[in-house]
Structure formats: structure tokens, C-alpha cells
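Biologist: I'm in my first year and still learning to read models like this one. Could you take me slowly through the place where the two chains meet, and then through what lies around it?

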Amino acid sequence: MQIRVPLSWLREYVDIDVSVDELARLLHMSGTEVDHVERRAWERIWVGRVTKLERHPNADRLTLATVEYGAGRANTVVTGATNLSVGAIVPYAEVGAELIDGGTGDRFRLEPKKVRGIASAGMVCSEKELGLGEDHEGILVLESTLPVGAALADAVGDPILYLELQPNRPDCLGIVGIAREVAALLGHQLRDPATDPLPRAAPRGLDVRIEDAQACPRFAAALLRDVRIAPSPQWLQGRLVAAGMRPIDNVVDITNYVMLELGQPLHAYDHHQVRGGTLVARAARRGETLRTLDQIDRVLPEGALVIADIERSLGLAGILGGEDSEIRSDTTTLALECASFEPRGIGRTATRLGLHGSSGSAAARRFAWELSPDLVPMALARAVRLLREHAGAQVVGVVDRYPSPRSPINVRLRFSDITRVLGMEVMPDETLDVLQRLHFRVAVDGDTLVATPPAIRTDVAIPEDVIEEVARIVGYERLPTRIPDGPLPLHERHPLEEFRERARDVLVGQGLQETVSYALIDPAWLTLLTAEGAPLAPEPLRVTNPTTVTQSVARPTLRASLLDTARRNVRHRESVAIFEIAPVYFPRARDLPEERWIIGVLLAGRAEPLTWLTQPRDFDLYDLQGILEALHRATRFGGRGESIAGGQPGLHPGRSWGTMDKGRVAVVAGQLDPRVAERWDVPEMTFVAEIDLALLYEASQTAQAAVPPRFPPALRDLAVVVDERVAYGDVAREIQATAKELLESLVLLDLYRGPQVGAGKKSFAVRLILRASAGTLSDADVDRVLGRVEGRLGSRLGATLRG
Amino acid sequence: MSGPAELGRLADEAVAEAAAAPDEAALEAIRVRYLGRKEGALTAAAKRITTLPPAERPAYGAALNAAKQRVEAVLTARAKALRDAALLRELTPQGEDLTLPPRPIRLGRLHPISQTIREITRIFTMLGFEAVEGPEVEWDYYNFEALNIPRDHPARDKFNTLWLSNPRGDDPDRPMLLRTHTSPMQIRIMEQRPPPVRVLVPGRCYRYEATDATHESVFFQYEGLAIDEKITLADLKGVLYSFARQLFGGERKVRFRPDYFPFTEPSAEIAFDCFVCEGRDPRCKTCGGSGWIEAAGCGMVHPEALRRVGYDPARYQGFAWGGGVERLAMLLTGTPDIRLFHQNDLRYLESL
């Protein structure tokens, strides 16, 4: 959570004798994240004094103001403001200064101009024009003691630290908490804010009651009378604005001020609206309604903690007050609530009502962290004092219910534990000094240290917490850099992951670009993968709170992502050759989904460009098969799986194939169904393959060294003439089955159709490379084999050999 | 016309002619003229040995051999010289244009995220960490509860979660989500193995997040976990500094500062100086003007997390970290906008 700390406000509680940059660095390096430091640039803006005021000769409503801003420096400006008087100290901006437009809020650079015929040399500025607040009614009149001619930034500019706090440090939500950190870092004393002692007597006319002590461990309230509602003093308003809050009236401003100062939210009720004079912390009843301060009628979530009187709820505890009991301009008696709430319940209710987060309730954001119940009396005493000083309030009495007070936590550890955890020694003296600077109570018993955190710290409970305190103040810079030693943990192998990386290398070696796409996709994509719109994959897991519908399901297929990537790239290039290896998510009943790793490949467009050496060529089916072949060969595929008959869903019915292994799809590949291609705006000739990584891995074989053969091979070419319906695969299979281990390889040299073989026939010219491991094959051996091949091709496939 | 002197003169003549022979044909003619079987001058001289008195024959024979050897050696040397010269002429450029463009190639590349994960894995493997992976879809328990982030804990605000609904039925007691970090694998690993443990977990993570130049809703992390009896915060700092050094070669400044995570105590953050503005631009979009790019959150594993998986926190301790892969990839490649990684514009991918 971000808070703003104006440096001047911080200085009220601690002396700061380092530069603001050094202060920011010290805070940041000790664990209080400084997001940035906002500085007033305010270049060419000066502290000026009005020396002369004249009526504009051409306009009744305009004034010519002469402003002196240093020895010998004076200019006359045209202004419409009516709150100027001679002698007033005002901000004066020279031509060239950067200001904020009072109307639009945009930044602009001041240029020379004439107003109704009179030159205006610069400007006197409003609060809004300087970025100090919202007031644009008149010119900002400054303290009369400011030195005329000084740069405005030096005179009143106040750097603001923007701090990003972590929920373990609710004590830092208040500026005093930050001052406590600064005091520890700089070794200075902390000055607590001034408070009034709280009367011990409970007031007549106000009581508090806790119905749920778990949800509300402490509940205090003060009764104050003679309150005069009025605007709060300028300095207080200025601080609220600097810290990012809007001033309202003195009572509301003071509760906000104390919240910003100490981190503890308070809530003020008009006492006349508290029926029965009793504030009750209780669970909301079923169907209970409340009109909250933001003028919304809400049905309260059942069980949410509310603050009520004896009849009805007055507000959502720790989150938002009700409209009924809010402070009005005629309010004279206040019931001021200051309580401690169980943080998870506050967070839950705020989330349910949409009042969570930076746009929600400032109080809820703080109460959702574990504020110390010890802040309650401190904040109340501080508020009582400020209300007395700035709203004339007289405290009648205070009631404070705290049924089970938190007992201080004494953390015991050995000094040697610090070295054990940090790997660096911090001497006991330094350890004690650091902890005391952080207001810990410390006791030493030999090697044992007993550290008691200050009551406002709720985050320190175990030795590691104390060790972190020591380390962060000493500084992590001081930690040495070491390398873990000790026994060697024996590593497991991860064959599937290793195999996956090999597959990546193979595909990269084939000239494919790897892609990584969103694992969350648009559910509409899943209806675009087949011509009929039928799904390809099981119903996906749905994101219940997606950021966008286009990322609202966990993809059950890679194909949509591949097509989307292709579609976006074919707009500006002629060739797309990509692969992605990623899991797809298959839901399972009563379990996490199966995350099944898939290799996806897509080819579209030009396989070869037009160059002086090459003719343009588009990707075809055999490019895709070549890539699968490379994958198989490189991973020593053992040739498992049964082919699935017919075309594959979403692919071209005549140009796709697939295999099954162990009851699931191992490979699906082929040309995309042209109707699907059209839908995705990809070329008609787009080719995809999806391979189940785990099945490919299981079908791969371990490397087995092949010793180079000792005997020469015999090469024979055959022209096998078959009917059109006979596939090359059948021919190859029969040759293989006949020649067996003598066949070293088989190459298809040519595929011929034409007059030489006649209609309805085709001829495969194949080269057989035959080799025996035991000796050189004689011509007679080879002829015998070829004779058998011819016989088998003839009998099984009706093939003839062409001479 | 006989005698050793005459043989010497004959040899001198042959040597002089061979040295002047313009080509191999001329050289062959010289060889025939002096050493040819039929009319070679030295062959003829050899035949004359029978006509000499026996006493002169040894000297004549010796001179004859010497002459033949000289001539043969010169002929061989000259022949080689002529062949070399001919070869050289053949190899001498004759209008071959070596500046013509090459045959087109298609070069495949790994995605920068894969490249970066491999580099991360390589370095941490050298430091003794075993790379393991885990599920992207997780139970609330592993992503949060087991890491000391119970329901409604304010630390959950840091992990804006994408929740999942299972078409095969939801279990209200076991909410399913897309892991917001790789840290659930800390718990899974410790549940599976006894200490000592040293693992690296790269993997995809998800957040409910508006995307901009430095934020993505889907991204990758690399988690590290080391548990043993004597592992300290200084070891964590050393491992991460060593990693940074090996990754960036000392070109980046490294910063180690306290931070907060519910599942580590003490906690820390490691940051590298901004590669875009090097700390000089207060409006830098990459580092937000701070000059530093937060690279990983880390710390000593919280004793409560150890206890929950059955490790004895009195005996075992160790560290864990979790960092963003894309941040490193941006630093390593100068990628200015994190969204480029998932856009898969091939013009971008082919530049890396």
C-alpha cells in the first residue's frame, strides 16, 4: 500500500540531518520501499511581494499588480484575483515557468502575453496552478515572514516521499511509524505527537459494547461536547492535501489527520444520532440495510461486523460510516470511536462490497492489516487534543473495552542464531544497540537474548523476525557473499524435460522459429477449428475472473494459438514456419487437470524464395513430413502407434493422417481444412502437426552404436508398375518384408504416370541399396533377392517390373 | 668420344635443356633423347661399357650412374615444377564473382524466453541446483495456504489471482487457480524429498493484471530452493550474485535489500541497475525512474513452511527465491516492452 510522507511533516517527529535522497536510500535499503520522491520543480517561481495595485485601464475586473521578487527585480502582471493587497507575499512565476492550468489541470509553460492591451510579465499563482491543491479561487497568499526573492521551492517546497508499504508493517502506516524507522536509522530520538491525557471515568451518556470479541478485540470511544464545526486550520489542510486526502471540516479532518499520523483510523458520530447512547460492535443481521456515507443503500453481508446503536447499525466497522450518524454542520456533541478489528474479517467484507484496494475505503485498507490494539488509546488521546485545539471540543469521558489484552511477546534466541541464519556475525553490543534503537526491550542472559518488540509492532514473534530486524538495520550490504556447502544432494534425471529440449533443438535445426503464446485463449477460437465448428478438444477449464474474454480459458489445444500466430504474421511476410512446445490442459474430475505437453508445428506460405539460385516454392505436405521425419530420426523413433483411418478433424480430409498409441492420439498432421484456413485468414496451403511429447518420448529408443560396414553395398534400380490405388507405402513395405535385413535403404527416385505405363497405372522408380554384414553380396545373391521381391510385389500388389 | 668426362658433359647438357623445357611434352622429349630405351644418349653410352677395357669399366660405370641419377632428378623436379605451375594457372581466379548472395537458408531460433530459461538453468545447474518442473494449475493450498498466505491475508493483494472453474465439477473446499508464482513447487518438492534439497523451478505463471510495457498476465518465473543444515542468508546473496555475474558478466550493478514475503524470514529483494536509462531518467518506463529493476524476491524459508512439510526447523534451514524470466530476457536482449514476448511477431523473434 502506498502512503505519502511530506518531509516537513516527518521532521516534526524526528531530526533529519541527511539529504532527502540519502534519507530515501536509507529507508529503501532497510526495507521501507521508496517508490519515488516527489519534488516541486517550480523553476522560475519566486516568493514575491505585491508593491502596487492598479485598476486595468481597459477592464474593470482586472488588476495590474506590481510584484517585487528580489533586489531590483520587479514586474507588473495582469490578474483577475480579488484577494490581493499591497504587501501580500505571493508566489510569482516568471515567463518560462511551468504551471498547471487552473481550468483544465494540464501543465503549460508560461509565455509573454498581453491582456486587454497590457503586457503581463509573468503571473501570480493560485494553489491549483502550483499543484499544491484544488483552490483556484484566488492567489495563494503566503506566510508574511517568507524571504522575498527566494526560490519558492526553497521557501515552501516540500519533498514528498511515496512509500510502498508491506502488510507486515502496519506500524508504518502512520507518519510517526516512518519517523520511528528514521530515528532508528539515524540514531536520533523520536518525538511523539502531543496528546491530552484521557479521563479515566466513563462518560455518562456513552457506552460501548463488544458482542464479538474475536472480530473486535478492543473498542474505545470518547464523548466530546461543545464542538464547533468549521474548516480546519490551513496547515492541517495543507498536510492532508500533501498526503493525498481532501479537507472537509475540522472534525473529519482531524480523524483523518490522526489516521495519517499514527495509522489508526477513527470514526466520529453525531452523538444525538446514537440511540441509547451505546455503540455496539456486532455481526450484521440477515437482510439488514444501511445507507452509507457514499449515499449507497447497501444490504449488509450477513455476519459482517457493524457498529450499531441499540436499534440499528450506524456503519460498517472499520470500513465505512452510515449517512444517518455523520457529522453535520450543526453537530455539537461527538461520539468518537477508536477500535481494533480482526483484519481478515475487514478485508473480506471490504472485498465483498467492492471497497477493497486503493480506490476503496482508506480505513479498511489499514484495518485489513494487523494494527496493534495499543494504538487505540494513543490515537484517541491525540484526536482529543487536536479536537480541543481546533474544534473547541471538551472531552466528557472515555470508555475503553479491551477484554483480553494482548500480552507482550518475548522472543528468545541465542546470539549465535543470528550468525546461523545470516551467515555473518553481528556482535552482541551492536545487536542490542540496533534493537534498542527500534524501541525493543532487550534482556541478556549469557548467550541468550530476550527481545520484546514495542507494542505497536505486531509482526515480530519468532527469532527469525528479530534476526531480520538486526540485519536490515545493520544493512544487507554488509552480508558477505558465500556459496552453500555441505553434503551434495544427488540430482534426479528428468528424461521428459531433457527430451523436450532435444525436440526443440531438432525443430530449430529444421529452420523453424519457436513461438511462445498465451496459454489462456479466447473460447470462441475453439469453435473455429473445424469446418462445422465442432470442438477438437475437451471442454476447457474456464477462468472465472478473466482480465479479458480473449484470455478466459486454459487452452486444450495448441492449434488455435498456432493459427493466431500465423494469421498475424502472414499480414506482413510471405513465409511462416513455426513451432511451439507447451502443455495443453485437459480437465479431470476432482483433480488438477492433466497438463499434456504437445509439440505443435505450422508451415504456411513460401518454402523457398525467388532468388538468382532458387525458384519460389510454397510449403507442401512433404515439407511437413520431412520435419516429422527429422523429429523421428533425431529422437530414434521406434515406430509405434496405429494409424487412425480417414482424415483428421479440422484438417483436409484427403491430406491428413494421425496415429494412436496407448489409447490416445500420438500424432495428428496434415494440411489444414481449407474452410478453416479461410476462417483464420491463413493461406489455403497451411500445414499443421501436433505431436504428443510424452508418447514420442516413450517411443524413442536409446542410442545404439552402428559400426561402419566392412563389405561393399550392391545398388539396384527397379521400376515398379502398379495400379493407381496402390500406395507407395505398400510397395515399400513389401520390399522391406522380402529383402529384410539385407535392405540397407530404399530411395524413391521417381514417380511416373503416362503413356509408357498406361492409364490407371503408375510407376515407382526405386533404388535398393543392399548389403550383407557377413560378406560381399555376389550378383547371384542380389538376383535371388530381387527375384523374390518381384514375386512378392506381383502376388501381393499385382505389380510388374518395367525393364 | 668416351670416358667419364664425356658422360659428365652429356649430363650437363641434359640438365640445361630440362631446366629450359617450357612444358611437360618438351620435358618428355628430353627424357627420351637422353634416357630413352632405344636412342637415348645415356642409354647408348651405357651400351658402350662392353667395349671398354675391364680396368676402366668400374670408373665408367660409376660415372654413368651418377650422370643418369642427376638427369633423372632434374627431370622429376622440373616435371613437378611444371605441374605446379599449371595447377596454379588453373586455380587462378577467372571472373568468379564471390560477392554473389548465397543460397537462401531458413534459420530456426529458440524463443527468447526459452533461450533465457536455458541460460538460467545452465548457470544454476553449475551452482548445484537440479531443474524440476511442476503444475501450472494449482490448488489454493499450494499457491497460498502452505506459504503462510491464508484466505483474506493482505499479502494476497500482491498476487492477483486468476481462478479456475472445472467443467467436470468444482470443489468449494479446494479452489483451483492458475499459479501466481512458482513458489508452490517449494512445498511440493519438500513434501516429496527429504533434505538436503537444491532445486531450480522454471515455469509459467499467471496474474490478474492489466498488461503494459513491464507487466504481463502470463509470464515465466524461475524459483530456487536450497535446504540443508547450515544454509544462510549470505549463501543466498552469494548464489544470486554469482548468477548475476555469470549472466551479465559484471556489466550490471546488483543490489540486495530487505523485502517482505509471508513465506520467507528474513526476506530480501535483488535488483539490477536499469539497462535502459542506467538510473538517469526519472521518467524511464522500464525501471519507473528508480534506476533499478527488481529481479527476484527471496529470503530464508519461513520455519512455519518447513514445519508444515515435516522438515524440522530446529535442524534444517535454507533459502528460496523467485524471479521473473522476462525481466532477465529484457535485460539481456534490450527488449523494451514485455508484450513483445507473447506477440510472436516473427520480425522481432528473428532478431534474437
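Modeller: Happy to; I'll begin with the meeting place of the chains and then move on to some details within each chain.

First, a word on how to read this: the model is predicted, so local features need pLDDT of at least 70 and side-chain atom pairs count only at pLDDT 80 or more, while totals for chains, interfaces and linings use all residues. Residues are numbered from 1 along each chain as its sequence is written, chains are lettered from A and ligands numbered from 1 in the order in which they are written, and side-chain values use heavy atoms, with hydrogens and water left out.

Now the interface. Chain A brings 98 residues to the contact and chain B brings 93, where contact means heavy atoms within 4.5 Å. The size of an interface is often given as the accessible area lost when the parts come together. Here the area buried between chain B and chain A comes to about 8,000 Å², with carbon and sulfur atoms giving 56% of it; buried area is the accessible area (1.4 Å probe) that two parts lose on being put together, summed over both.

Charged pairs cross the boundary too. Side chains of opposite charge can pair when their charged atoms come close. There are 5 salt bridges between chain B and chain A, a salt bridge being a side-chain nitrogen of Lys or Arg within 4 Å of a carboxyl oxygen of Asp or Glu. In one salt bridge, the side chain of D505(A) meets that of R118(B), at 2.9 Å from N to O. The interface also has 50 residue pairs in polar contact, both residues at pLDDT 80 or more. (A polar contact is a pair of N or O atoms within 3.5 Å; within protein, one must be able to donate a hydrogen and the other to accept it, and residues adjacent in sequence count only if both atoms are side-chain atoms.)

On the side of chain B that touches chain A, helix 8 (residues 233-248) of chain B gives the most, with 7 residues. Helices (H or I, at least four residues) and strands (E, at least two) are DSSP runs, numbered from the N terminus. Sorted by class, this side of chain B has 44 nonpolar, 31 charged and 18 polar residues. For that sorting, Ala, Val, Leu, Ile, Met, Phe, Trp, Tyr, Cys and Pro count as nonpolar, Asp, Glu, Lys and Arg as charged, and the others, Gly among them, as polar.

The chains also share a pair of strands: strand 29 (residues 542-543) of chain A runs antiparallel to strand 3 (residues 163-165) of chain B over 2 bridges. Two strands pair if DSSP finds at least two bridges between them. Within this pairing, R542(A) stands opposite S165(B).

For a single residue at the boundary, look at N168(A), in the loop between strand 12 (160-164) and helix 4 (175-186) of chain A. Leaving aside neighbours within four places in sequence, N168(A) touches D459(A) and Y260(B). N168(A) counts as buried because its relative accessibility is 14%; buried means under 20% relative accessible area, exposed over 50%, and partly exposed in between (1.4 Å probe, protein chains only). Its partner D459(A) belongs to a network of salt bridges with R169(A), D171(A), E181(A), R457(A), E469(A) and R472(A).

Chain A holds other charged pairs. R555(A) and E580(A) form a salt bridge (3.0 Å, N to O). R555(A) lies in the loop between strand 30 (553-554) and helix 14 (559-570) of chain A, and E580(A) in strand 31 of chain A, so this pair ties together parts 25 residues apart in sequence. Both R555(A) and E580(A) are buried. By contrast, R437(A) and D433(A), whose side chains meet in a salt bridge at 2.9 Å, sit 4 residues apart in helix 11 (residues 428-437) of chain A, about one turn of the helix.

Finally, the backbone of chain B. Most residues other than glycine have a negative phi, and most peptide bonds are trans. The bond joining P195(B) and P196(B) is cis, with omega about 0°, and P196(B) lies in the loop between helix 7 (184-192) and strand 5 (197-206) of chain B. The bond from E265(B) to P266(B) is cis too, with omega near -10°, and P266(B) belongs to strand 8 (residues 264-273) of chain B. D152(B), not a glycine, has a positive phi of about 65°.
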